[in-house]
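Visitor: Please take one part of this model and look at it closely with me. After that, I would like to see what else the chain has to offer.

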Amino acid sequence: MAAVSGDSRRNHAAGTPRSQHILVDVWHVDMHPILDFNEMEILDWTDLEVAVAERLSKKTCHAASSTSTITPGPDVWADLLDSLLHQIVALLNSFQDLLAFIGTCRSWRAALSSLPPAFSFNFPPLHLQTDMNYPHPRRNYIKYSHLSHLKWKLTDPAKQTSSLCCSPSQNLRDRMCYLGCSFGYLIFSSLEQCVLVDVYSSAVVRPPKFKSTGNHELYYGILVASLNSPNSQLLLCSRTSMFQWQVGTDSWLEHPFCGERILQIVFFRGEIFAMDFLERLHRIRLVPQLIVQEVAVVWGEDMVVGLNFKPWLVVCSDMLLLVDLSVDIDALSGFSGTFKVFRLDFSVEPAKWVKVENLGNSALFVSLDRRNPTFSSMNPERWGGKSNCVYVAGAGSSEDSNEAWTVVELGQEVPSTALCSTYSPMPIQTPSGHGNHPQNMWVLPSFVYGVEQ
């Protein structure tokens, strides 16, 4: 279910201009399909998303008719070339602007799905703040918990006056462990079942059940493409195997895996890269069969990575970056740390990590759990952000933290409050970078990812 925060209601009641009503009402879009691939009931995701656009289109048309008696015919807007619409998308400065864009008409919504894979939005990701009300005094140490206790709030950093409160679309009594977030879906698993929950619509996807006895060791899950992509697959990692599900099929493939545990997986230049817990880089190939191959990488002399906590991989424009958080512990002053950034130079062989002194007009977005997606934003001043900064999804709970996220300029000291976990007063819950429950993170909704991506 979804609800609008108090700020949105106050704006609505105070007589917000109709154009703003459109954006506020977007948060109320309610679509909660339940997908159960065990029963092979596969929903056409394009139809689902178009239904949202049609609802928004009616609101937009109503607003236009009330403010002007002369408006262009619908064919004028619907017949614009995709190349022109893509240029318009590149000018949008917030997620709510994007919602207004897809609400114009069906063809504009379709243009979003045809964005090229290398396209980069100019607005920031949404901040997802979790609220897992698990009624147990030792909830930090419980691996499996009921999804019915899970709630979260989405906030647009570019327009923070309203937010969307969400929870799973059905009363899920499943006891699940968190595996990660990918292409707009939270991924959970139990001993025999995997569940995906859409962060924006709360739609639930149930892949087929497992038939292996080793799935109780699962610790990581990730989609390799959006669910509406013909090549979409779900990968689940355990200590002994990697499980592969082609979306739409009724079975899993199990591949033996004896390597080190995987810390994070990212997509760069059409390839899948993974970093393990020893900070070694790997390529993951899916065809003709699933293969994990280590990439030869030279570490610079000025790199001291993972001394206290594991690093992040972030794709920024045409660069693959490694973000390291070095933390010092002092008995008097407590915890302090600084971010260091390195880029992988593929022009030499073997490839080499090279220190980045300044991010230029870019900003990076990370969260404490390395299985959550990372993002970058070009020219963040366009939406009120800051360049050469790292945005850390808020680590503190809503009760003990005044800020939903922390902004740290590269090279400056990270505030100690940004190092504390939602579920523990100690820094970053565990040095491993993985946790049993979803923590605050940065996300983009599933419908943002085009079919070709």
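**A hairpin and its surroundings**

Guide: Let's start with a hairpin made by β7 and β8, where two residues sit between the strands and Phe183 in the turn has a positive phi of about 50°. Keep in mind that this is a predicted model. Phe183 lies in the loop between β7 and β8, and its positive phi is worth a glance since the residue is something other than glycine. Is Phe183 buried or exposed? Its relative accessibility is 14%, so Phe183 counts as buried, the limit for that label being under 20%.

On one side of the turn runs β7, residues 175–182, which pairs with β8 in the antiparallel sense over five bridges. If you would like a pair to click on, take Cys177, whose bridge partner in β8 is Ser189. Ser189 has a bridge partner in β9 as well, namely Cys194. β9 covers residues 194–198 and runs antiparallel to β8, with five bridges joining the two. β8 and β9 also form a hairpin, this one with four residues between the strands. That places β8 in two hairpins, one with β7 and one with β9.

How many of the residues of β8 are buried? Five of the five residues in this strand, 185–189, are buried, so β8 is mostly covered. Side chains in a regular strand alternate between the two faces of the sheet. In β8, Tyr185, Ile187 and Ser189 point one way, while Leu186 and Phe188 point the other way, and all of them are buried.

Now let's step back for the setting. The protein chain holds seven helices and 31 strands. Buried residues account for 55% of its 453 residues. If we take contacts between residues at least 6 apart in sequence, 60% of them join residues at least 24 apart. The accessible surface of the chain is about 19,900 Å², and carbon and sulfur atoms hold 52% of it.

For another antiparallel arrangement, turn to the open sheet of four strands in the order β11-β12-β13-β14. β11 (220–223) and β14 (253–256) are at its edges and have a single partner strand each, so one side of each lacks a neighbour in the sheet. From one strand to the next, the twist averages 20°. β11 is joined by four bridges to β12, residues 233–237, and the two run antiparallel. Within this pair, Ile222 stands opposite Leu235 of β12.

Phe183 has a counterpart further along the chain. Ser317, in the loop between β20 (312–316) and β21 (319–330), has a positive phi near 55° and is also not a glycine. With 55% relative accessibility, though, Ser317 counts as exposed. Ser317 is among the residues touched by Ser376, along with Val315, Cys316, Ala363, Leu364 and Phe365, leaving aside residues up to four places away in sequence. Ser376 belongs to strand β25, residues 375–378, and its side chain reaches the backbone oxygen of Val315 at 3.0 Å. At 19% relative accessibility, Ser376 counts as buried.

Strand β24 (residues 362–366) holds Val366, which is buried with a relative accessible area of 0%. Beyond residues up to four places away, Val366 touches Trp312, Val314, Thr374, Val390, Tyr391, Val392, Ala393 and Trp442. Val366 and Val323 are 43 residues apart in sequence, while their C-alpha atoms are 9.0 Å apart. Val392, one of the residues Val366 touches, sits in β26 (residues 389–393) and counts as buried at 3% relative accessibility. Between Val392 and Trp442 there is a separation of 50 residues in sequence and 8.8 Å in space, C-alpha to C-alpha.

For a helix, try α5 (residues 82–89), where Leu85, His86 and Val89 are buried. These residues cover an arc of only 105° around the axis, which puts them on the same side of α5. What covers the buried residues of α5 includes α6 (95–102) and α7 (106–113).

Finally, a backbone detail to check by torsion. The peptide bond from Val287 to Pro288 is cis, with omega near 0°, and Pro288 sits in the loop between β17 (281–285) and β18 (291–294). Glu349 and Pro350 are also joined by a cis peptide bond, with omega about 0°; here the loop holding Pro350 runs between β22 (334–345) and β23 (351–356).

How values were computed:
Residues are numbered from 1 along each chain as its sequence is written. This is a predicted model: local features need pLDDT of at least 70, side-chain atom pairs count only at pLDDT 80 or more; totals for chains, interfaces and linings use all residues. Side-chain values use heavy atoms; hydrogens and water are left out. Buried means under 20% relative accessible area, exposed over 50%, partly exposed in between (1.4 Å probe, protein chains only). The arc is that of the directions from the helix axis to the C-beta atoms. Contact means heavy atoms within 4.5 Å. Accessible areas come from the Shrake-Rupley method with a 1.4 Å probe; for residues, only the protein chains shown count as cover. Two strands pair if DSSP finds at least two bridges between them. Axes are lines fitted to C-alpha atoms, for helices over the stretch in contact, and angles run from 0 to 180 degrees between N-to-C directions. A polar contact is a pair of N or O atoms within 3.5 Å; within protein, one must be able to donate a hydrogen and the other to accept it, and residues adjacent in sequence count only if both atoms are side-chain atoms.
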